Every structure is written in C-alpha cells, then in structure tokens.
Amino acid sequence: MSSVVDAGPPTEVRRGAAHWAGGYGAMLRWHLASLRLWLAFLVGIQILSGVGFVLGIALFFKPIPVSVALFVSTGVPVVNLLTIGLMLGPQLVASQKIDGSYDYLRCLPVSRSANALAWYTVTLVGGVPAMVVSLAVAQARYHLPLHLSAMIVPAVLLTCFTGTMVGYAVAHALSKATATRLVTQLLTFAVFSFAPVLYPVRQLPRWLGTLNWWLPFRQMAVAVRASLTSGPNPGLVTAYIALAIWATACAAVSALVLGRRE
Amino acid sequence: MTTSAAASPPGIVQLRSGVSYWAASFGVMLRFEFGRARESAALTVIVQTFMGAGMALTYGFFYPHVTPTVALYVTTGTPTLALIPLGFVMVPGVIGEQKIEGTFDYIWSLPVPRSAQAASTFLLYTLLALPGTLLALLVATWRYGVHLEISPLVVPAVLLCAVTAVTVGFAMALAIANPLTTNLVTNAVIFVVLLFSPIVYPISHLPGWLSETHRILPFYNMAVAMRAGLTRGLVTHAATSFLVLAAWAVAACLSTAWVIGRRR
C-alpha cells in the first residue's frame, strides 16, 4: 500500500496560513525582482508627473483660486495610487500573455489570493512615495488648508486596493492583449479627464456626474479628499461602501477567471 | 546610345538620378506608404479626434467658470492639441516600430532616393492629420458655442503646423537611435505640452523664463498660427510664429537629410 503511494507524485495538501504566507513572500519577491529597477524608475516618473501636475495646473489660471489648487492637490494622490495597479499592471499582464510567462506564473503552486495581495503590496509601495511628495510640494506651493486625519490610512489602502483589483480583473478577464491595452487606455483617460478626481463633480455635465457615481474613481477621490481636508464630507460612507463593493466584485471576477481550468 | 549601354561591362548599372527618377520614386513610395497605412488610417483619425476633442472637453472641466475668453482659448487651441500627438507621438512611434521589426532597414534598402521616402512619409502624415484636426475643432466649437472668424490664413496655418509637427517628429525618431529613448522623449513631450504649454491659455500666465522658452519651441507658435487663422484681433505677432515654425520644419528636414544621407 505504502509503495503505491510512494510511486505517485507528491500529493501533500498545500494550504494553511503558513503555506499562504510563504506563497505571499515568494510572490512579493517575484514581483519586486521582475520589476527590479523599473520600480524605482516608475516611482521617479510618478513623482515627476505628480509634482508636474500640481505645479502645472496653476498656469491655467491667473491667479489660481485656492479651491482649484486644493482639488487638484488632493486629487493627484488618487492618480498616484492608481498608476501602477490600474494603468500599468494590466499592460504588464498583457505582455506576459504574449511572451508566455503568464501560463508559467499561473501554474506556480501559490494561492491566487497570496499572489494578488503580493501584487497589491507592490502597487502600494510604488504609489505612496509619489503621493507624499506631491502633497508636500502642493502644500509648499499653495499653502493649502490641508487637515490630515487618521482616515488617510484606510482611504489610501482601500483606494489603492480597489484600483489594483479593477486592473487585476481587466488584466485577467480579458484574454486578448490588445483588448487589455485598449481598456487600460480608456480607463486612464477616464480617470484623468472624465472623472471628478482632480476637479469638483459640479463642473461636469449632470449625466456624466451621475455616471461617475456608479464608477469607483469619484468615490476614491471622496475618500482620499475627506482624509486630507476638514469640513463636512457628504457621501463618505457611500464612497467606502461603493469602493468595497467594487473591490470585492473585481477580486471575485479575477478569482473566478484564475481558478478556471484551461 | 543603346549599343553603348548594351556594351557596358556587366556590374555597371545605370545611374539612378534626376528629377524624373526622383518623381517616379516619390510616386512609388507614396503608393507603398498609403498601402501600409490603409489598415491603420481610420484608427489614426479616430484616436486623433478623440485625443484633441477629449482634451478640449477636459480642460473645460478644470475651470469652475468657463468664461468666453477661456472658451475661445480652449476652442482655438484644440486643433493644435490634435496635431501634436500625431506628429510628436504617432510618427516617432511608427518609426520606432519599423526599427524594431526591421521594416525600417528594408525601406532604406529599396532602390529609391531616401529623400523621396521621407517626403512620401511627410505627405502621408500631413494628409492623415487634417481630418482629425478638423473634427476636434468642430467638437470643441459645438461644446463651447464659440463663434469663430475664420480667415484664409487658416489654410497655410494648418498646413504649416501639420508639416512642422510631422517633420520634427520624424527627425526626432531618426536622430535618436534607440526606440525606447524616443518613446521616453515623446511621453515627456506630451506631458510638457498638455500642462506647461500656452496652447489653451494665454502665454502671459507663464513665468518669464518659461514664456521665453516657448517663443522658441514649436508648440506655442503652432497655437498662435492656428489662432490667427481662426480669430480676429486675438493674435498680434502671427508672422513671427509662422517664421519660427518654418525654421523648425526646415531644421527638421536638414536633420533628416543628414541622418538619411549617411551610409551605415
């Protein structure tokens, strides 16, 4: 009986907290190693673009109203938190699909959630420095009435997580690399241009504002802005609930797609 | 004459030069370029229209109150916003792709003058630039309800801006050997153009050193030339801008000539 067991492949059940943590650590190292210098480069680019945006917007006005500066300065952190997870991540996965490493990564004996959380950690590490620098530059340039509260921690964590999960779902649910690229570019355009992240929702046409209520980007801006400013924050609870729903739904889609057998 | 040609020893080929040979080569290369662009032409026009019109709408969202002046500046800046991505991003991108996949070397190896090749590329992209630019302007005019006073000057303005954008983009792609560097430069250009160039706002908003820089760079001058053709009284020194743009186009052509004139 024992000889039959020995002849087969190892069938030890791989689960449990220790296995999960091991998988998380390994995948975190994997992601960091595969990005290597790129991560530092990306952080640098993000800092430059964040600071550029904060300073550049002043040129559109003469002089820039404080409310505009405040909106842009508290919206740029959201963009910083989304850049890697939402905009770059899907493109990385698309190129993995083309060069074949995607299938290899999928067959690694690591739990899907450990891999996803390791990637989330990378996006957070890549996004937070730019966010801090952008805010510091904004404060120095415009002397904004910023009011940092402890809510910054859940706001940043949830914003980055939701963005990363949306990107994760786009990356894994769309099988074609070109479709992934197209959707990613549309999302990028949506965040920068047609979502009330860098400007108030009242400056949008009404229908676009309503549409944005159902999308996560406006809610991210509400959550992050509430933690950086004082004053009433209507819709904050709704924003957190909406973000949680978006994150859960996208994580579920990714889990389903990744769990399917080919 | 025919006998002497027939009697010439093998290996000596007829000299391929002269105006008629150049014109014939240009025609052939034009067919070649248009044939290659057939698939992507529609997409190029669509992307360019969306870029231009999308940016025109976006800038409006950033202003708490879109005053008539802001609306006029944004609307008349839109054609420039539509042209710049085509010339400074798409053209270098296409050349970069050609370099990576080897088509670039193949085209250079064809028995036609390289100047005819470059000229056909310029013509193709200048023509491709026009519909998207016009559509983006129409969208912006409709959105902001601006009344434009279009003068005949708009024709040379659009053509000169398109030629400048395409030739400078092409020269940049040729002068920089590594496509990755080109990619980085084009992205930096877009960022600078979208935020730090006085295209949709007056140049007086800029600090002195930046406005001086922009009087030399092509982006602001493109906006001035376009605005001169679309409005009356808003632009005073349009001739200077036309001259600066022409200088950029000539410099780009010279740089292109220098790069393609070298043997590898």
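1. Start with A:Gln219. This residue sits in helix α10 of chain A, which covers residues 216-228. Is A:Gln219 buried or exposed? It is buried, because its relative accessible area is 3% and the cut-off for burial is under 20%. Setting aside neighbours within four places in sequence, A:Gln219 touches A:Trp213, A:Ala239, A:Ala242 and A:Leu243.

2. A word on the source of the coordinates. This is a predicted model. Its scores are ipTM 0.80 and pTM 0.82. For chain B, the average pLDDT is 87. In that chain, 94% of the residues score at least 70.

3. Confidence varies along chain B. Where is it lowest, and where highest? The low end is helix α1 of chain B, residues 2-7, with a mean of 46. The high end is helix α9 of chain B, residues 218-230, at 94. Residues 1-8 of chain B stay under 50 in pLDDT. For that stretch the model has 0 contacts beyond four places in sequence.

4. Next, two exposed residues in chain A with positive phi. A:Arg36 is not a glycine, yet its phi is positive, at about 45°. A:Arg36 belongs to the loop between α2 (17-35) and α3 of chain A. Its relative accessibility is 63%, so A:Arg36 counts as exposed; the threshold is over 50%. A:His143 also has a positive phi, near 50°, and is likewise a residue other than glycine. The loop that holds A:His143 runs between α6 (112-142) and α7 (152-173) of chain A. With 64% relative accessibility, A:His143 counts as exposed.

5. Chain A also contains a cis peptide bond. Which residues does it join? They are A:Lys62 and A:Pro63, and omega is about -10°. A:Pro63 is placed in the loop between α3 (37-56) and α4 (66-99) of chain A.

6. Turn to helix α6 of chain B, residues 154-175. The helix has 22 residues. From first C-alpha to last it reaches 31 Å, close to the 32 Å expected at 1.5 Å a residue. Why is α6(B) described as largely enclosed by the rest of the structure? Because 17 of its 22 residues are buried.

7. Helix α5 of chain B (residues 114-144) packs against α6(B). The two axes come within 9 Å. They cross at roughly 130°. That angle falls outside the roughly perpendicular range of 65 to 115 degrees and is not over 145, so it counts as oblique; α5(B) and α6(B) are therefore oblique to each other. The crossing is right-handed.

8. Which residues meet where these helices cross? From α5(B) come B:Ala118, B:Thr121, B:Phe122, B:Tyr125, B:Thr126, B:Ala129 and B:Leu130. From α6(B) come B:Val158, B:Leu159, B:Ala162, B:Val163, B:Val166, B:Thr167 and B:Phe170.

9. Last, B:Ala53. Its helix is α2 of chain B, residues 19-62. B:Ala53 is buried, at a relative accessible area of 8%. B:Ala53 and B:Leu135 stand 82 residues apart in sequence, but their C-alpha atoms are 7.9 Å apart in space. Beyond its neighbours within four places in sequence, B:Ala53 makes contact with B:Ala136 and B:Val139.

Definitions and conventions: Residues numbered from 1 in each chain as written. Chains lettered and ligands numbered in written order. Predicted model: local features only at pLDDT ≥ 70, side-chain atom pairs only at ≥ 80, totals over all residues. Heavy atoms only, no water. Helix = DSSP H or I, 4+ residues; strand = E, 2+ residues; numbered from the N terminus. Expected span 1.5 Å × (residues − 1). Buried < 20%, exposed > 50% of the residue type's maximum accessible area, 1.4 Å probe, protein only. pLDDT = per-residue confidence, 0-100. Contact = heavy atoms within 4.5 Å. Axes fitted to C-alpha atoms, helices over the stretch in contact; angles between N-to-C directions. Parallel < 35°, antiparallel > 145°, perpendicular 65-115°, else oblique. Left-handed = near helix turned anticlockwise from the far one by under 90°.
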